[in-house]
Amino acid sequence: MYNGSILEKHEPQVATTGSGIPVRDKTATLTAGYRGPVLIEDGDLLEDLSHFNRERIPERVVHAKGFGAKGFFEVTNDITKYSAAKVFSSVGKKTPVAVRFSNAFRERGSADTDIDPRGFAIKLYTEEGIWDLIGLNLRVFVLNDPKILTSFVHAVKRDPVTDLVNSTTLWDMVTLRPESTHGILWLFSPATLPCTMRGLNAFAVNTFKLVNAYGKYVYCKFNIIANQKVKSLTLEQAQMLKSSDPDYYQRDMFDSIAKGNFPSWTLKIQVMTQLEADLSPFDPLDATKLWPEDKYPMIEVGRIVLNENPANHFAEVEQIGFSPANLVPGILPSLDRVLQSRLFAYMDTQRYRIGNNFQQLPINRPINPVRNYQRDGHMTFVNQGGAPNYYPNSFGGPEPSSQAKNLSAPYYVSGYAYEYHERNPDYFSQARETDLTMKVENL
Ligand code: HEM
């Protein structure tokens with residue numbers, strides 16, 4: 001086994017094919033005579049060429065450029081009155097995490113310090129399955145109806161004719177959709193150019209619900225606040241770094257963790273009762289609105305510490321798949337329409353981008369056993385030890401959890417099916433009031 005960096009000196013070992021068969025030569029191809037044709041018998045050459053042809057998987061349709069790290073989440077404050085999720089069950093409890101930082105719109109090879117929303121996605125391996133907490137450096141989103149999402153992304157991405165980036169399509173879209181004003185102010189604020197990603201504040205943007213042991217819910221916003229200094233690059237510094245060190249954020253994070261300088265963040269929630277939501281002057285389920293902290297104060301929950309670099313970038317960062325639908329009992333989605341559409345979008349793209357069984361990969365699988373009725377498909381290697389593959393059955397197959405059901409906070413809905421637009425749009429009050437000035441300092 002080789003361990004550590006490829007830049008470390010290793011004791012050479014016998015090279016093999018993917019099937020473990022010792023290879024005869026790594027620099028000369030099997031030919032018939034010195035000038036003769038290449039023989040198809042050179043299985044090592046054929047295997048290398050065909051494997052190489054399949055090395056790349058589709059890049060993420062958004063957030064393609066990214067890097068990862070691992071660490072843990074530790075509860076520092078008791079919030080069990082809000083949520084019965086076991087991940088919060090006692091102060092001091094630790095849960096392993098894997099995270100990915102990303103840029104939203106530019107491609108995989110783009111420069112870290114491009115002006116681009118920053119993503120901070122956290123996979124928590126809880127005893128009750130995976131909880132994916134996905135954040136952006138923007139406190140609000142640029143749209144509040146998922147119908148516009150694909151158009152918005154098209155307007156920001158490359159021109160399909162010229163394959164060039166242009167700013168006209170973005171500003172055309174933005175000026176036609178005033179609800180994007182607040183998010184666009186965040187995007188072009190210093191918050192988008194942090195000095196390092198260690199100093200990045202992130203927000204889950206959409207509203208969730210927390211459900212306590214009595215089945216009572218509150219609405220909740222998750223906020224991930226950096227414990228490192230939050231400072232921003234100047235535009236000139238960002239421009240300079242684009243050419244001098246396009247992987248600047250990634251390098252800083254990797255080096256910092258490698259040197260034992262572990263970054264940490266405090267997870268904070270804001271909560272709102274249903275009554276407060278009903279009386280709120282803004283729609284708390286609208287992704288373009290933030291919850292003012294003077295009315296909905298930040299409540300500390302715990303800390304996230306990153307203390308390990310990935311050992312295999314492709315396996316642990318490129319193939320990691322986050323989904324807002326990965327919520328554990330005690331945390332539920334709200335009726336925020338953007339969030340509702342995201343519940344579908346992420347795993348759908350991951351089935352295409354990584355494969356139908358992406359949840360079986362070590363980085364994506366939970367620490368607790370998976371017991372379901374799904375079987376087979378490309379690259380499967382788990383069949384759950386011969387457990388029944390149909391339900392109901394008389395052979396002791398897995399049963400639904402009454403504990404999870406008790407935490408489902410049933411809600412009442414009625415109404416005519418119709419494409420509803422906003423009734424009282426106010427796109428500008430919060431945009432006007434939000435203080436987006438941040439300290440901009442030299443590196
Ligand atoms: C209708 C709205 C949205 C849709 C349809 C959508 C869809 C997607 C898709 C398809 C991906 C790629 C996932 C993958 O390939 O693994 C993604 C990634 C991501 N999205 Fe969204 N998104 C939406 C809104 C948001 C919002 C509001 C946030 C704010 C938290 C957000 C944060 C992220 C982040 C951080 C990633 C990168 C995850 C990673 O590192 O793998 N998205 N989104």
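Here are four short exercises on this predicted model, each with a worked solution.

Before you start, residues are numbered from 1 along each chain as its sequence is written. Because the model is predicted, local features need pLDDT of at least 70 and side-chain atom pairs count only at pLDDT 80 or more, while totals for chains, interfaces and linings use all residues, and side-chain values use heavy atoms, with hydrogens and water left out.

**Exercise 1. Work out which residues are closest to the ligand, and which elements supply its shell.**

Step 1: Start with the head count. The ligand is surrounded by 25 residues, where a residue is near if one of its heavy atoms lies within 4 Å. The closest are Arg60, Arg100, Tyr346, Gln350 and Arg353.

Step 2: Look at polar atoms. A ligand oxygen sits 2.8 Å from an N or O atom in the side chain of Arg60, and an oxygen atom of the ligand is 2.9 Å from one in the side chain of Gln350. For Tyr346, the partner is a nitrogen atom of the ligand, 2.7 Å from a side-chain N or O atom.

Step 3: Sort by element. Two or more residues each come from β2 (94-103), β4 (129-136) and α9 (337-353); helices (H or I, at least four residues) and strands (E, at least two) are DSSP runs, numbered from the N terminus. Helix α9 gives the largest share, eight residues.

Step 4: Sort by type. The shell splits into 13 nonpolar, eight polar and four charged residues. Here Ala, Val, Leu, Ile, Met, Phe, Trp, Tyr, Cys and Pro count as nonpolar, Asp, Glu, Lys and Arg as charged, and the others, Gly among them, as polar.

**Exercise 2. Describe the surroundings of Tyr346.**

Step 1: Place Tyr346 in helix α9. An unreviewed UniProt entry puts the feature "binding site" at this residue, though such annotations may be inferred rather than shown by experiment.

Step 2: Check exposure. Tyr346 counts as partly exposed because its relative accessibility is 26%; buried means under 20%, exposed over 50%, and partly exposed in between (1.4 Å probe, protein chains only).

Step 3: List the neighbours. Leaving out residues up to four places away in sequence, Tyr346 touches Ile134, Phe322, Ser323 and Pro324, with contact meaning heavy atoms within 4.5 Å. The side chains of Tyr346 and Arg342 also make a polar contact at 2.9 Å (a pair of N or O atoms within 3.5 Å; within protein, one must be able to donate a hydrogen and the other to accept it, and residues adjacent in sequence count only if both atoms are side-chain atoms).

**Exercise 3. Find the buried residues of helix α2 and say what they pack against.**

Step 1: In α2 (residues 149-156), pick out Phe152, Val153, Ala155 and Val156 as buried.

Step 2: Look down the axis. These buried residues fall within an arc of 160°, so they line one face of the helix; the arc is that of the directions from the helix axis to the C-beta atoms.

Step 3: Turn to the other side, where Thr150 and His154 are exposed. The buried residues pack against α3 (167-176) and α4 (181-187).

**Exercise 4. Trace what Gln360 holds on to in its loop.**

Step 1: Gln360 is in the loop between α9 and α10, and counts as buried because its relative accessibility is 14%.

Step 2: The side chains of Gln360 and Thr380 share a polar contact of 3.1 Å, and the Gln360 side chain reaches the backbone nitrogen of Phe381 at 3.0 Å.
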